[in-house]
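Student: I should like to learn how to read the features of a structural model in an orderly way. May we go through one together?
Tutor: Certainly; please put your questions one at a time.

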Number of protein chains: 4
Amino acid sequence: MSLPPEFHALAKRVNNWGRWGADDEIGTLNLITAAVVREAAATVRTGRRIPLALPLQQDGVQSGLIPGRVNPLHTMVQINQEIFGPGTVAISDDAVTMGLQAATHWDALTHASHGGRIYNGRPAGTVTAHGGAQFSSIATAPPLVSRGVLLDVARTHGVERLPGDHAVTPEDLDAAEEFAGVRVGPGDIVLVRTGQIQVYLAGDKNAYAYPSPGLSVRTPEWFHARDVAAVADDTLTFEIFPPEIEDLWMPVHALDLVEMGMLQGQNWNLETLSTACAQDKRYAFLLCAMPEPFAGATGAPVAPVAVL
Amino acid sequence: MSLPPEFHALAKRVNNWGRWGADDEIGTLNLITAAVVREAAATVRTGRRIPLALPLQQDGVQSGLIPGRVNPLHTMVQINQEIFGPGTVAISDDAVTMGLQAATHWDALTHASHGGRIYNGRPAGTVTAHGGAQFSSIATAPPLVSRGVLLDVARTHGVERLPGDHAVTPEDLDAAEEFAGVRVGPGDIVLVRTGQIQVYLAGDKNAYAYPSPGLSVRTPEWFHARDVAAVADDTLTFEIFPPEIEDLWMPVHALDLVEMGMLQGQNWNLETLSTACAQDKRYAFLLCAMPEPFAGATGAPVAPVAVL
Amino acid sequence: MSLPPEFHALAKRVNNWGRWGADDEIGTLNLITAAVVREAAATVRTGRRIPLALPLQQDGVQSGLIPGRVNPLHTMVQINQEIFGPGTVAISDDAVTMGLQAATHWDALTHASHGGRIYNGRPAGTVTAHGGAQFSSIATAPPLVSRGVLLDVARTHGVERLPGDHAVTPEDLDAAEEFAGVRVGPGDIVLVRTGQIQVYLAGDKNAYAYPSPGLSVRTPEWFHARDVAAVADDTLTFEIFPPEIEDLWMPVHALDLVEMGMLQGQNWNLETLSTACAQDKRYAFLLCAMPEPFAGATGAPVAPVAVL
Amino acid sequence: MSLPPEFHALAKRVNNWGRWGADDEIGTLNLITAAVVREAAATVRTGRRIPLALPLQQDGVQSGLIPGRVNPLHTMVQINQEIFGPGTVAISDDAVTMGLQAATHWDALTHASHGGRIYNGRPAGTVTAHGGAQFSSIATAPPLVSRGVLLDVARTHGVERLPGDHAVTPEDLDAAEEFAGVRVGPGDIVLVRTGQIQVYLAGDKNAYAYPSPGLSVRTPEWFHARDVAAVADDTLTFEIFPPEIEDLWMPVHALDLVEMGMLQGQNWNLETLSTACAQDKRYAFLLCAMPEPFAGATGAPVAPVAVL
């Protein structure tokens, strides 16, 4: 069994292997140039900062559906410990165990493979238990500071959140862009809002996970055409789940990460940002979204901040 | 036994308890106003982005000296796993266990206490094993995006790095400020460079830890006078270690975190930034340094980015 | 608010504080004498070995009900790694994160406290984040090898498993003892079978947890009268849950661990043992049940083996 | 590059593939029959129980030499927490992260492979990040309760401990057996004492690790001839390290685990047992040494107990 012809047709149209040389490990992050960053900084108007990460906590978004992707277990290893003797300054310290893809995170390009290949045509076998991803680990990512653009598909549709079977299409992205009054361009980091995270925030992890609206298999072409640097949304699966095409699971992951070499973000909380953008009638901003640089990792938590 | 009178004299001069109300949990982070953020964005000239975090890896800065503060243990929980059957898209996933203060991090205000009190006079007993810090956890911090100023004390002294017994004094900060041609002001995040992290980068964790240059017990007053929002440096202990005053251990932690309510950052790699600032002859920049929002935590890893 | 008078009346009758001296940390484990061990070894007839631990796995008995008590997360840190070069012998290594009370385990005496006291009247404050339990940690336990006696309450009642609201009473224990044809005595480790673990084995973690049959608040007196060394059963909560007396939560924990100083075991799989004992018509055997000696821990996993 | 001819000659002589059928996963553990267990129980004379595990603690035997094999990090997740309200019974709970081969442990047969094969000729690729070892994981091991025999090589040589370059040879095992006055036979678990663990107990982890006495590449034949069930010793590396034959690293692991299918134990503390056996002039005993049954694991901690 292998992936169907329609997948390969899509793959061919978005493939970036070799575009930045045979040695490239970062794909579309190459598109964040110094000029893009300067323009991003120039978008700041009010100075308002909006955090986009969920709190990292044991009662996180993971419900046990995905094996090994555990919510953060936070423990104290010292509590007001007078290390240097009674009456001295006391110290508290903590430790954590967590799945790197468990909370608000970026997938590294190596998070997905198909046909034995990762981004840029390297063998998938370069990801091993000993050291993780030899190439394209999250630690190879240059700082993700760029212009952010919110494509608020839910608001564009006039709903609080999209229904679970809504695949976000290129036409939805066009409409949201028009609604936003902004043109998505090279090096942008696009945030797609479905409103789905409200389901988790209301306390239902299972319904948050599935069924979930998310990106259509047709969207990678749209992002490719615009030369977007990275895309994040407010769902667990990023793409619509269950998928649009029977038995074609996780096609968007394969197209974005493997073929195009474009980072994906999941479980981003875009609710406050949505309200702020609607109030300001501005949907472009400075976005700081540097992943924690775990060596060899195929993904990492991130605490993104939009500066309006 | 308790802390000596000279400590209490210093504490009195920098104390901010009640300054932002009895309910305040974030201390000097209140000083990062929207106006400060707007000005920070306006400092961007070249658009160059410089990451300041060390890679998160098992061969990190911890040598076992501090009990429980373990370097990141990164493990793969899935490697190219064809979750939905043979020939489907394959997924790799990872997990980590680490001390939250083990790598490049921010201390939360609750990382230190003395005399049974944390910042704003709350009982130290509000930090417990069940849920961690009830108040002033790192998750209460608003987005740390502000103007960053590099005070390059090593370069000002004309040395690669300060010797292990060098306490960075207010006079050193004045000199570095003059060297930088910039005036530190309200809401700034100050980065103090000693060069000590070179010792770790050269492979010697033990010598990196101790003896280490670092901030003098006299510097909190300087930061207080300037109404700085937060301070980070390139050492394991932040303050000079062993301390300047016999048997007065960790006084700077107590003054900054407990009395003033000012966040501290440690193990920041300021080497590339130092070279870039010297080349550009500019020492102020936009700094994105949002900690991972671990609920209840007394510190958290951060992947800071300077945008020049 | 404090514990009701009826609790204190029970506590007084089973209290062992001072019985083995003011310095004692192990309570009723003192009752496993060399003579008891010799007799235990002499009970072996067939040489059949029956393991009583559940597999340690992510799909373990914990459902998230108890904060922080996480099922084992097993990860590979090396897979067939040719450490000394290509073509050399390859090594696989693993790591785990887990709650020490998450699976088949012993509670240490310090797992419970009430009124600020642990076993033998020591302050509960001797359990801290720094080093865990200073006294009566699981690592202080001498080897738990003794005579095991199965009190198969479910089989005695002629049912597969007891209903969720069945409190196992002293009368139940008497009946099971008579059914077994054995007299429980000093130093014995008693295994009480309710059959409840079948609910977990059938895939329903939530129903396994609650409501659950378990030991009645009246059983500690029975165990005290017989000078039993330790008791384990096949439930998550050990005692009946919800409790028999309104608003008196976890009284058996307080009586067994704090007052009597007797170890408790939970999540033991007694199903195969039950069948074997019924076939052999013998309910006493050699039991090897040494907990993993985690320094400072208030409980630990155990892989018990009954030798018939 | 591949393993030298002398290795393959040795391998041929000890190979047990197919001996217990093509489906076998447990190798020489098949040799622990009910009759062996009955005889083991009959060796008990005094009823004295001697624990053989090191405490599980952060200051354990690992020095960082072996990547990913981390000492136990024990943390408290609840401390005297009054879960059901003020004044109720309080609970303390803990969690741990550790390398499964970090402390006193058994290697599973899958801990080693060579030439792409594990025990019984199965592909090494059956060990994966997803679920670990599909065959011959430590959880497949039947209860390790059998006759234990201490071969006290150090005492036989009249030294406290063997020097770091001493390879324990078949002749050493013969001499220790004669010294012990016992004949090692089918199903026995042999404990080989070098005294090396004294180096760790004296505080020097690095010198404990290397150079270390240990089993010679010639010993697997001896164990094979006697049909031993398993072998453990008091060193970090089990076999002499660095190895006897240049560039032939870890040959004993490959012969014992892969070819013969015989479990190995490391970091066992045999000091107290040595004294007790010498006093009693008896070197055979009942040994309870059941590993924690981690699903899919290639090794596991064990808390062994010798009953004399």
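Student: Let me begin with one cysteine: is C:C288 buried or exposed?
Tutor: Please keep in mind that this is a predicted model. A residue counts as buried when its relative accessible area is under 20%. C:C288 has a relative accessible area of 5%, so it is buried. D:C288 is likewise buried, with a value of 5%.

Student: To which cysteine is C:C288 joined, and how far apart are the sulfur atoms?
Tutor: In general terms, a disulfide is a covalent bond between the sulfur atoms of two cysteines. Here the partner of C:C288 is D:C288, and their sulfur atoms lie 2.3 Å apart. C:C288 belongs to strand β14 (residues 284-288) of chain C and D:C288 to strand β14 (residues 284-288) of chain D, so this disulfide joins two chains.

Student: How many disulfides are there over all chains?
Tutor: The count is two. Besides the pair just described, A:C288 forms a disulfide with B:C288, again with 2.3 Å between the sulfur atoms. The two cysteines lie in strand β14 (residues 284-288) of chain A and strand β14 (residues 284-288) of chain B, so this pair, too, joins two chains. A:C288 is buried at 5% relative accessibility, and B:C288 is buried at 5% as well.

Student: Why is D:C277 not in a bond with the closest cysteine?
Tutor: The test is one of distance, since a disulfide requires two cysteine sulfur atoms within 2.5 Å. The closest cysteine sulfur to that of D:C277 belongs to D:C288 and is 15 Å away, which is too far for a bond. D:C277 is nevertheless buried, at 0% relative accessibility. In chain A, A:C277 is in no disulfide, and the nearest cysteine sulfur, that of A:C288, is 15 Å away. A:C277 is also buried, with a relative accessible area of 0%.

Student: How should I read the packing of two helices, for example α4 and α7 of chain C?
Tutor: Two packed helices are described by the angle between their axes and the distance between the axes. For helix α4 (residues 170-180) and helix α7 (residues 219-226) of chain C, the angle is about 45° and the axes are 8 Å apart. That makes α4(C) oblique to α7(C).

Student: Which residues meet in this contact?
Tutor: From α4(C) come C:P170, C:L173, C:D174 and C:E177, and from α7(C) come C:T219, C:W222, C:F223 and C:R226. By character, the contact residues comprise four nonpolar, one polar and three charged.

Student: How is chain D related to chain C?
Tutor: The way to read such a relation is to ask what turn and what shift lay one copy on the other. A turn of 180° with a shift of 0.0 Å along the axis lays chain D on chain C, with an RMSD of 0.0 Å. That is the relation of a two-fold axis. Within chain D, the C-alpha nearest the axis is that of D:T97, at 2.1 Å. The same surface serves both copies, as 100% of the contact residues of chain D recur in chain C.

Student: Finally, where is A:T237 found, and which residues does A:T237 touch?
Tutor: To place a residue, one reads its position in the fold, its accessibility and its contacts. A:T237 is in the loop between β12 (230-233) and α8 (251-260) of chain A. A:T237 is buried, at 12% relative accessibility. Leaving aside residues up to four places away in sequence, A:T237 touches A:A209, A:S212, A:H253 and A:Q266.

Definitions and conventions: Residues are numbered from 1 along each chain as its sequence is written. Chains are lettered from A and ligands numbered from 1 in the order in which they are written. This is a predicted model: local features need pLDDT of at least 70, side-chain atom pairs count only at pLDDT 80 or more; totals for chains, interfaces and linings use all residues. Side-chain values use heavy atoms; hydrogens and water are left out. Helices (H or I, at least four residues) and strands (E, at least two) are DSSP runs, numbered from the N terminus. Buried means under 20% relative accessible area, exposed over 50%, partly exposed in between (1.4 Å probe, protein chains only). Contact means heavy atoms within 4.5 Å. Copies are superposed by least squares on the C-alpha atoms of residues with pLDDT of at least 70 in both. Axes are lines fitted to C-alpha atoms, for helices over the stretch in contact, and angles run from 0 to 180 degrees between N-to-C directions. Angles under 35 degrees count as roughly parallel, over 145 as roughly antiparallel, 65 to 115 as roughly perpendicular and the rest as oblique. Ala, Val, Leu, Ile, Met, Phe, Trp, Tyr, Cys and Pro count as nonpolar, Asp, Glu, Lys and Arg as charged, and the others, Gly among them, as polar.
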